[in-house]
Amino acid sequence: MSYLGVGVSPGNVPVYTNLSVIEKRVRVAELVLRFMVCAFAVVSGLLVGTDSQVKEIFGIRKKAKFTDVKALVFMVIVSGLAAAYSLAQVVRCVLSVMRGGLLLNKPLAWAIFSGDQVMAYLGVSAVAAAAQSGALAKLGQPELQWMKVCNMYAKFCNQIGEGIGAALLLSLSMIFLSALSAFSLFRLYGLNKPKK
C-alpha cells in the first residue's frame, strides 16, 4: 500500500486490469459513431441534394437549386464520400465485433487513421464553405450590393440550413472517430514493451 494512496482504489472506482473490456467498449463506440456518421451523411446529402424552389420574379421563373452554389455541391460530394467510407468501415467493424478479434495490424490501423483524418478534414472544410455561403445568402453583403437571397427563397434556405446542420454533426462525429482511431493506432506501439 502506498502512503499517498496512488494505485489504490477506494472501492467505488472501477479499475480495469482486463484490456478486453476496454477493447470491447472501444469497438462498440467506434461502431456506433460510424453508424452515426453514415446516417448524418445520408441525411445531409439528401437534404441539400434534393432541395430546389421555383420563384416567379417580374414574370420570369427562376429555379434555385443546390448546384447554383459550388460550396453546396462540394458539401453534397463530401457527404456522399463520407457515407460510402463510413459504410465500408461499418462492415469492417461488424466483422471485427462478430469475430472478436483485435486490430493488431499496424498498416491497416494507419490506413484507417489516415482515412478518418481525411474525412474529418473534408467534412470540416465542406461545412465551413457551405456555412459561409449560407451566411451570404441569409445576410447579403450591402457593401457590395449583394441582396439577401433567403428573403425570396425561404424554403430553399431553410432546407439548406438543415442540411448544413446535419453536415456539422457529421463533421463532429468524424472528429471523434479520428480521435478514436488515433487511440486504436497508437496503442499498438505500446504493446511490445519489455516487462521489467
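Q: In which helix does Ser173 lie?
A: Helices are DSSP runs of H or I of at least four residues, strands are runs of E of at least two, and both are numbered from the N terminus. Ser173 lies in helix α4. The model is predicted, so local features need pLDDT of at least 70 and side-chain atom pairs count only at pLDDT 80 or more, while totals for chains, interfaces and linings use all residues. Residues are numbered from 1 along each chain as its sequence is written, and side-chain values use heavy atoms, with hydrogens and water left out.

Q: How many helices and strands does the protein have, and what pattern do they follow along the sequence?
A: The protein has four helices and two strands. Read along the sequence, these elements give the pattern α-β-β-α-α-α.

Q: Is Ser173 buried or exposed?
A: A residue is buried under 20% relative accessible area, exposed over 50%, and partly exposed in between, with a 1.4 Å probe and protein chains only. Ser173 counts as buried because its relative accessibility is 4%. Across the protein, buried residues make up 34% of the 196 residues.

Q: Which residues is Ser173 in contact with, leaving aside its neighbours within four places in sequence?
A: Contact means heavy atoms within 4.5 Å. On that basis Ser173 is in contact with Leu33, Met36, Val37 and Phe40, its neighbours within four places in sequence being left aside. Ser173 and Phe40 stand 133 residues apart in sequence, whereas their C-alpha atoms are 8.9 Å apart in space. For the protein, among contacts between residues at least 6 apart in sequence, 78% join residues at least 24 apart.

Q: Where is Met174 found, and what does it touch?
A: Met174 is found in helix α4, and it counts as buried because its relative accessibility is 3%. Not counting residues up to four places away in sequence, Met174 touches Val37, Tyr85, Asp116, Met119 and Ala120. The C-alpha atoms of Met174 and Tyr121 are 8.7 Å apart, with these positions 53 residues apart in the numbering.

Q: Which residues have the most contacts inside the largest nonpolar core?
A: A nonpolar core is a set of buried Ala, Val, Leu, Ile, Met, Phe, Trp, Tyr and Cys residues joined through side-chain atoms within 4.5 Å. The largest one here has 17 residues, and those with the most contacts inside it are Val48, Leu72, Met75, Ala130, Phe156, Ile160 and Ile164. Helices α2 (70-99), α3 and α4 each supply at least two of its residues. Helix α4 gives the largest share, five residues. Apart from this core lies another, of 13 residues, among them Val37, Ala41, Met119 and Met174.

Q: Which residues is Ala130 in contact with, leaving aside its neighbours within four places in sequence?
A: Ala130 is in contact with Ala71, Leu72, Met75 and Ile164 once those neighbours are left aside.

Q: How much space lies in the largest pocket?
A: On a 1 Å grid over the protein atoms alone, a cavity is a set of points where a 1.4 Å probe fits but cannot get out; a pocket is an open set with protein on both sides within 12 Å along at least five of seven lines, and lining residues have an atom within 4 Å of a point. Points are joined across faces, edges and corners, and a volume is the space filled by probe spheres set on them. The largest pocket holds about 400 Å³. It is lined by 23 residues, of which Val69, Ala137, Val149, Phe156 and Cys157 are the closest to its centre. Elements giving two or more residues to this lining are β2 (60-65), α3 (106-139) and α4 (154-186).

Q: Which residues line the second largest cavity?
A: There are two cavities of 30 Å³ or more, and the second largest has a volume of about 30 Å³. Its lining consists of Met75, Val78, Ser79, Gly123, Ala126, Val127, Ala167, Leu170 and Ser171. Helices α2, α3 and α4 each supply at least two of these residues.
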